[in-house]
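Colleague: I should be grateful for a close look at a single strand and its surroundings.

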Amino acid sequence: MSSASAGASRSGAPASLPPSGLPGLNASFSRLIDVPERHSTTRSTRRWHILDNAPALAELGVQPVGTVLCVHGNPTWSYLWRRLLSSATDAAADGGQAWRVIAVDQLNMGFSERTGEGRPLARRVRDLDDLTNALSTDALGLAGPIVTLGHDWGGVVSLGWAVDHPELLAGVMLLNTAVHQPEGEPIPAPLRLALHRSLLRPATVATPAFLETTLALAHPSLPSPVKDAYRSPYRRAARRAGIGDFVADIPVHAGHESAPELDRIAHRVGTLRVPALMLWGPRDPVFSDRYLDDLARRMPHADIHRFEGAGHLIAEDVDYASAVLTWLGDQPLVGQASEAATSVARADTVPDTDAGAGTIAGIAPVTDGGRQPLWHHLDDLRDSDDPALVEMVPARGQPSRSVSWRLLSKRVRQLAAGLAAVGVSRGDRVSLLVPPGADLTAVLYACLRIGAVVVVADAGLGLRGLTRAVRGARPDHLIGAVPGLIAARALGWPGQRISTARYPAPVARALGVSSALADLIERGRDEVLPDPPGPGEIAAVLFTSGSTGPAKGVVYTHDQLAAVRDALAAQYEVGVGTGLVAGFAPFALLGPALGALSVTPDMDVTSPKTLTAASVAAAVRAVEATVVFLSPAALANVVATEHSLTPEDRSALDGVLTFLSAGAPVSEQLLAAASALMPDARAHTPYGMTEALLVTDVTLTGIREAATAEHAEGGSGGVCVGVPAPSAHVRISALDPTGAATGVPAGTPGVTGEIVISAPQIKDHYDRLWLTNRAADAAVTTGERWHRTGDVGHLDTSGRLWVEGRMPHVITTGAGLITPVALEQRIDALPAVRRSAVVGVGPQGVQHVIAVLETTARSRRVHLAEPDLAAAVRDAVQGPDVAAVLVVPQLPTDIRHNSKIDRTRLSEWTAGVLAGGRMVKP
Amino acid sequence: MKVLVTGASGLLGRAVASAVLSAGHSVRTFQRRPSGVPGAEDVRGSITDSADVTGALSNIDAVVHLAAKVSLAGSADDFAAVNVGGTRRLLDAARGAGIDRFVYVSSPSVAHSGASIVGEDAAPADPARARGDYARTKAEAELLALGADSPALRVVAVRPHLVWGPGDTQLVARIVERARSGRLPLLGHGAALIDSTYVDNAASAIAAALERVDEVHGRSYVVTNGEPRPVAELLTGICVAAGVRPPAWRIPATLARAAGSAIEAAWRVRPGTDEPPMTRFLAEQLSTAHWFDQRRTRADLQWTPAVTLDEGLRRLAAASQPSITAS
């Protein structure tokens with residue numbers, strides 16, 4: 001199908017100005033401009049409608065630093081960019097950088113002229129060139145630098161202009177678009193439908209179906225007046241010919257009229273060295289993440305932000321205008337475009353992981369490097385027959401299994417060689433959907449050894465969260481067991497699929513599996529390995545639990561992961577030969593990197609609550625373990641099942657010297673109860689997060705000392721998480737009255753604020769979240785790596801860190817800020833209370849404090865606390881007014897840790913109930 | 001300065017007259033029944049009578065206007081005559097008498113359309129959307145009062161929310177009476193957060209507005225204790241303090257609203273001597289959240305409530321005990 005067949009009958013019509021009163025559109029930006037066609041034989045002049053804030057900037061008396069040239073897609077028009085025009089003009093009026101913004105209505109589209117003839121891609125690119133040429137000779141002129149901004153097929157047209165104008169181009173920005181249809185990949189279903197010969201004209205021109213479908217893609221839905229504004233230039237079929245032409249112009253096969261031009265643009269985009277920004281809405285049925293992957297490969301230097309939850313109409317779904325202006329403000333492109341291009345090219349070749357000079361609050365900068373690679377023990381111990389891994393119950397009904405260093409080392413080398421042989425290359429992303437155990441450990445180290453980037457998303461994210469995480473991390477390969485493979489198949493996850501077990505050919509085909517681990521081992525028998533990756537290369541993307549917002553991919557380099565290992569080794573004296581019970585997955589995987597003998601106890605790894613005291617004792621006994629790592633939920637169950645321990649179990653536990661509970665704060669009571677089981681062990685609980693696995697550490701003794709000291713100091717309380725690990729620096733960024741952490745990070749005791757940390761073991765950056773990374777790096781000296789934790793707390797005079805809650809959970813009352821944790825601890829101390837959560841209701845700055853309780857005697861329904869209990873709670877909190885005390889059967893918790901209260905949900909629920917809403921369970 | 005306090009026979013009016021006296025001013029009270037405020041000159045008359053109003057304003061420097069029809073039932077004309085007509089008459093007379101300060105005591109219901117109010121500041125009075133005759137006429141009167149604001153006559157509107165205290169014949173008496181006769185259901189689950197105002201706090205806020213009128217004129221201020229509570233807790237607290245059994249039975253809020261509307265309509269057709277047991281307005285008041293952003297009020301009036309909710313309930317209990325034994 002070609003454009004000619006779709007545009008059979010159509011007539012010309014002059015350009016016009018849009019009707020007045022369209023929501024959000026400042027009519028003074030609209031103008032018509034006559035553009036001579038320099039490339040056509042007819043030498044006609046076409047009239048365009050454009051939005052242009054140049055007159056407004058002139059009125060303000062400001063000189064623009066550059067121009068943003070915006071190109072809409074199909075079937076929208078320049079109205080798509082209204083917010084950017086307004087925001088850019090407002091910013092200039094407020095004394096900020098002044099950007100001229102020009103948004104065009106492409107010919108045959110919007111309020112521009114209906115030319116009466118089809119305009120395939122190459123023509124549209126020339127049209128845009130004609131327009132900028134005309135603009136350069138008009139009274140307002142047009143000079144560089146120019147940054148293009150395109151959406152949908154406007155993205156392609158804008159890139160076509162960009163690659164043709166290197167002398168003016170200073171950057172490219174894209175919202176959901178595509179420049180290449182991969183060979184053999186199906187065209188997205190909605191487009192296939194619209195492209196069907198019998199449907200094309202009815203769907204796009206004769207009826208507004210295509211237009212209406214597009215307008216229905218906004219999340220949340222567009223208000224009716226905005227939809228009407230989008231419809232306004234396309235009211236009659238005759239006005240919609242351009243929409244049909246645009247759809248017909250999609251090069252669905254190599255013989256298509258526009259295929260050569262699309263190929264030309266796609267190829268030339270790969271040579272662009274100017275700064276690039278891609279803002280993406282993943283909920284797009286047409287321009288899915290795979291097109292983002294393609295663009296990211298062509299422009300590896302691009303800044304990318306995926307707005308989870310946004311879709312095709314990302315310009316309506318999120319505040320893209322602020323993101324665009326923020327990004328423009330960050331670019332060194334004012335002045336000469338060529339200079340900017342050079343600086344990006346330079347950045348491209350320099351890894352951004354080095355810590356430079358400069359200090360913050362008098363701290364020496366963290367320098368990376370000089371660490372042993374993660375797999376070095378596997379090399380050093382390759383001839384050792386000592387065990388490296390013990391699985392107490394590798395599979396249901398099987399006896400325990402022991403893997404020697406010799407075997408593990410060999411398997412890792414074979415798998416590494418095999419992976420390389422089936423095309424897994426350095427820098428490729430490999431999603432590991434393998435349950436914890438020997439297979440996972442071997443595959444993990446094999447990937448690390450060849451420089452493949454491992455993507456680890458916890459099954460605790462739930463299927464939806466897992467899908468989003470895997471999809472967003474764009475793995476090139478996926479290694480999994482059956483549940484993971486089925487999900488991958490059913491949900492259309494990308495990437496080559498490798499199974500942990502061998503399946504009969506039909507099963508493998510059905511699952512889309514190309515090989516099994518056993519095949520890789522066979523292919524890798526020669527153990528011919530590629531060069532190992534450098535310390536600055538990306539090693540892993542770990543997904544956060546999602547308990548603090550949508551799951552984020554946390555990116556670590558090899559050196560940073562090695563630093564995590566070294567920090568753990570130093571803090572807990574784990575080294576070669578140490579017997580380690582690994583009941584907490586992240587640390588279990590680090591066992592071979594530590595040189596430790598790790599033993600996995602008998603438990604369902606996806607449900608830490610299933611770990612019993614007897615299982616821990618059995619694991620300890622199997623390897624004479626001296627170190628035990630557990631999650632808090634596992635620890636609680638171990639304490640609860642203590643009665644089943646035999647005298648032999650107890651004497652095995654007597655040999656434990658260190659035990660550690662990580663993942664969420666642990667109460668003193670729980671730690672003390674666990675300590676009683678392991679009388680010779682020092683009880684530790686570290687403070688950390690996916691972005692920084694070890695920041696501080698505290699022992700049971702330390703917690704008790706701290707409580708006394710805090711009371712004496714009159715501090716604001718919270719959970720004491722101890723003093724920073726030797727390699728870590730902890731600072732506090734003080735909160736302003738609105739609860740924003742605006743203070744310069746400092747070590748002043750007693751000041752409550754956001755906890756910010758610096759350490760060699762913190763993350764490099766977040767994956768495809770440019771805005772989030774930018775916020776995380778805000779106010780940080782260039783060259784230093786700091787992580788803003790999102791936790792609120794304070795330091796005491798002894799340098800101990802106290803965690804008082806999460807940033808979004810700070811309650812901003814008319815009388816000041818209140819952090820929840822200290823109040824909860826006081827309420828939890830009441831005999832009638834099992835557990836509590838303190839949340840704020842109402843708008844920022846006037847919130848009131850609400851206590852929500854689980855009572856010791858379980859309540860079966862939600863109700864207001866009885867007067868006596870409410871009075872006891874108010875007495876206990878000592879200070880802030882508690883507006884209401886609610887009793888619930890169960891507080892909502894985050895599924896991964898099964899212990900962190902889901903406060904976002906609880907706050908929304910509380911606000912609903914206290915506004916008079918239905919009293920359903922939270 | 002000499003201050004005229006209208007409507008001083010009510011709970012709040014008496015407290016305001018006392019607070020203004022305590023601030024060192026002299027006070028004349030003006031209403032139909034004796035005010036009984038010690039130390040105040042008492043003038044009796046009707047706000048609907050021009051001669052009475054003119055007489056009451058002689059040798060007066062400032063006015064605090066509380067007189068209003070505050071019932072939950074009654075004819076629309078009665079509400080308009082007292083609340084709108086009375087305010088207009090008083091404003092006209094005040095201008096004629098060269099009075100330069102005027103505090104109009106209003107109600108948050110003037111800006112309440114029935115939806116929840118969660119931490120909002122005072123919105124403009126809106127007679128078109130106000131619920132019921134009382135709220136609508138108070139809204140019209142507030143607009144009249146603020147419309148009269150000028151450099152010569154400085155007017156401020158103060159809106160205390162749900163005023164209660166010992167001797168209260170409006171809120172507390174109604175609650176206690178209904179609870180006693182078993183006619184006080186909690187609406188819905190009773191968790192809607194409602195702020196209220198202990199009478200002395202409302203009075204001190206009004207007295208503060210009178211002192212600060214040069215800085216705050218032309219504006220409206222909602223006044224509360226700043227201690228919102230679930231409505232069930234508040235009602236229970238008042239009942240316990242007054243020595244009656246707190247409400248135990250609950251009806252769904254939507255049903256209550258529907259019933260309130262029906263009963264209200266029936267009462268209009270066949271008015272009895274009693275007030276209707278439930279009006280739609282009351283149903284909404286008791287089943288949706290009502291609490292306010294008090295930052296501007298406290299900063300502008302340089303005022304904070306001196307009596308906490310708990311202290312207020314203790315005073316209510318202390319004042320109620322004899323009457324319980326008496327009845």
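Modeller: The following account takes strand S3 of chain A and then its neighbours. This is a predicted model, in which local features need pLDDT of at least 70, side-chain atom pairs count only at pLDDT 80 or more, and totals for chains, interfaces and linings use all residues. Residues are numbered from 1 along each chain as its sequence is written, while chains are lettered from A and ligands numbered from 1 in the order in which they are written.

S3(A) spans residues 66–71; helices (H or I, at least four residues) and strands (E, at least two) are DSSP runs, numbered from the N terminus. Of its 6 residues, 6 are buried, a term for residues with 20 or more other C-beta atoms within 10 Å of their own, those C-beta atoms being placed from the backbone. In a regular strand, side chains alternate between the two faces of the sheet. Here Gly66(A), Val68(A) and Cys70(A) point one way, Thr67(A), Leu69(A) and Val71(A) point the other way, and all are buried.

Two strands pair if DSSP finds at least two bridges between them. S3(A) runs parallel to S4(A), residues 99–104, and 6 bridges join them; Val71(A) stands opposite Val104(A) there. Between S3(A) and S4(A) the chain passes through helix H3(A), residues 82–93, in a right-handed β-α-β crossover, meaning that with the strands pointing away from the viewer, the path from the first strand over the helix to the second runs clockwise. S3(A) is also parallel to S5(A), residues 146–150, through 5 bridges, and Thr67(A) has Ile146(A) as its bridge partner in S5(A).

Key: A residue is buried if 20 or more other C-beta atoms lie within 10 Å of its own, exposed if 12 or fewer, and partly exposed in between; C-beta atoms are placed from the backbone.
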